[in-house]
Amino acid sequence: MTTTTGPGPLATRRLILQGAASVALIGLGNLPFAPVRAAANDKYPEEAFKQKSEADAIKALYGKTAEPSDKIKLDAPEIAENGGVVPISVTTTLDKVTSISFFVAENPSALAASYKIPDGTVPSVANRLKMAKTTNVTAIVEADGKLYSATKEVKVTVGGCGG
Amino acid sequence: MASSIRVRATSNGDITEVQVLIQHPMDNGFMKDAKGELIPAHFIQELKFECNGKDVFVADWGTAVSKDPYVKFSFKGAKKGDDLKISWTDNKGGSDTTTAKIA
């Protein structure tokens, strides 16, 4: 794990990585790009954030599908007055959690945030998200290599994506 | 310039609870300014917390994270007085770093 924090070296590293990826793609004769990578990966999941639908975003981020679990507690308001700031939190009693991600189904890009949970960190995250309109919010918890989900609908009075 | 990161890290013996508030516009690229022109996307992509040489929490963010983002989490293995290092980078290459003492 690198400890570089400055913009220069990090940007350079990303450029190099992207360069390497495109070279690899050309080498493969432009095979369809299948960004199947574990969320524990160090790299920013650019492709997953570009996906529009929730299913595509989950696939791009994790490369597998999730099953609903009652061991995940998703806390979100019933009604959000302001879609620009919706407090959403997740806690789970699942074991061996390695990541937690938040998806907002009707947003222009479904993936909102993805958190890596290293060993020793409590599998519980609270954050604030933007929501375009009334929609389902899904939390995906990766635990012991499997994906689990919890979904809740939030009614949005004023959207948070302009327009 | 004052740090963009405000952090509160408190230990209750076993578990350290961390709350962070970052000043950042988190522009999603869909909003228009007063002149009706689109404001280009400008948002934090990676946010990292390190304690005692180990990553304790890493966030990958998209544009759907609210302006002036807030996040809360807890981790084990630290004690009062330990340093917690927080750093973020955004999609325009901007970044900031701060270190907080766990209280």
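## A salt bridge between the chains

A salt bridge is counted here when a side-chain nitrogen of Lys or Arg lies within 4 Å of a carboxyl oxygen of Asp or Glu. In this predicted model, the side chains of Lys116(A) and Asp60(B) satisfy that rule, with an N to O distance of 3.1 Å. Across the interface of chain A and chain B the rule finds one salt bridge, while the structure holds nine over all chains.

## The interface of chain A and chain B

The contact draws 40 residues from chain A and 39 residues from chain B, and the area buried between the two chains is about 3,000 Å², with carbon and sulfur atoms giving 50% of that area. Polar contacts also run across the interface, where 18 residue pairs are found, both residues of each pair being at pLDDT 80 or more.

On the side of chain A that touches chain B, helix H1 (7-27), helix H2 (46-50), strand E6 (111-116) and strand E7 (124-129) of chain A each supply at least two residues. The largest share, six residues, comes from E7(A). Sorted by class, this side of chain A has 19 nonpolar, 13 polar and eight charged residues.

## A sheet with strands from both chains

Six strands form an open sheet in the order E2(A)-E4(A)-E7(A)-E5(B)-E2(B)-E1(B), and the pairing is antiparallel. The edge strands, each of which pairs on one side only, are strand E2 (72-75) of chain A and strand E1 (5-11) of chain B. Neighbouring strands of the sheet are turned by 15 degrees against each other on average, when direction is ignored.

Chain A meets chain B in this sheet where E7(A) and strand E5 (residues 70-76) of chain B pair in the antiparallel sense over two bridges; here Asn127(A) has Val71(B), in E5(B), as its bridge partner. Within chain B, E1(B) and strand E2 (residues 15-22) pair in the antiparallel sense over seven bridges, and Thr10(B) has Glu17(B), in E2(B), as its bridge partner.

## A salt bridge within chain A

Among the nine salt bridges of the structure is one between Lys64(A) and Glu142(A), whose closest N and O atoms are 3.9 Å apart. This pair links distant parts of the chain, since Lys64(A) lies in the loop between helix H3 (54-62) and strand E1 (67-68) of chain A, whereas Glu142(A) lies in strand E8 (residues 135-143) of chain A, 78 residues apart.

Technical notes:
Residues are numbered from 1 along each chain as its sequence is written. Chains are lettered from A and ligands numbered from 1 in the order in which they are written. This is a predicted model: local features need pLDDT of at least 70, side-chain atom pairs count only at pLDDT 80 or more; totals for chains, interfaces and linings use all residues. Side-chain values use heavy atoms; hydrogens and water are left out. Two strands pair if DSSP finds at least two bridges between them. Helices (H or I, at least four residues) and strands (E, at least two) are DSSP runs, numbered from the N terminus. Axes are lines fitted to C-alpha atoms, for helices over the stretch in contact, and angles run from 0 to 180 degrees between N-to-C directions. Contact means heavy atoms within 4.5 Å. Buried area is the accessible area (1.4 Å probe) that two parts lose on being put together, summed over both. A polar contact is a pair of N or O atoms within 3.5 Å; within protein, one must be able to donate a hydrogen and the other to accept it, and residues adjacent in sequence count only if both atoms are side-chain atoms. Ala, Val, Leu, Ile, Met, Phe, Trp, Tyr, Cys and Pro count as nonpolar, Asp, Glu, Lys and Arg as charged, and the others, Gly among them, as polar.
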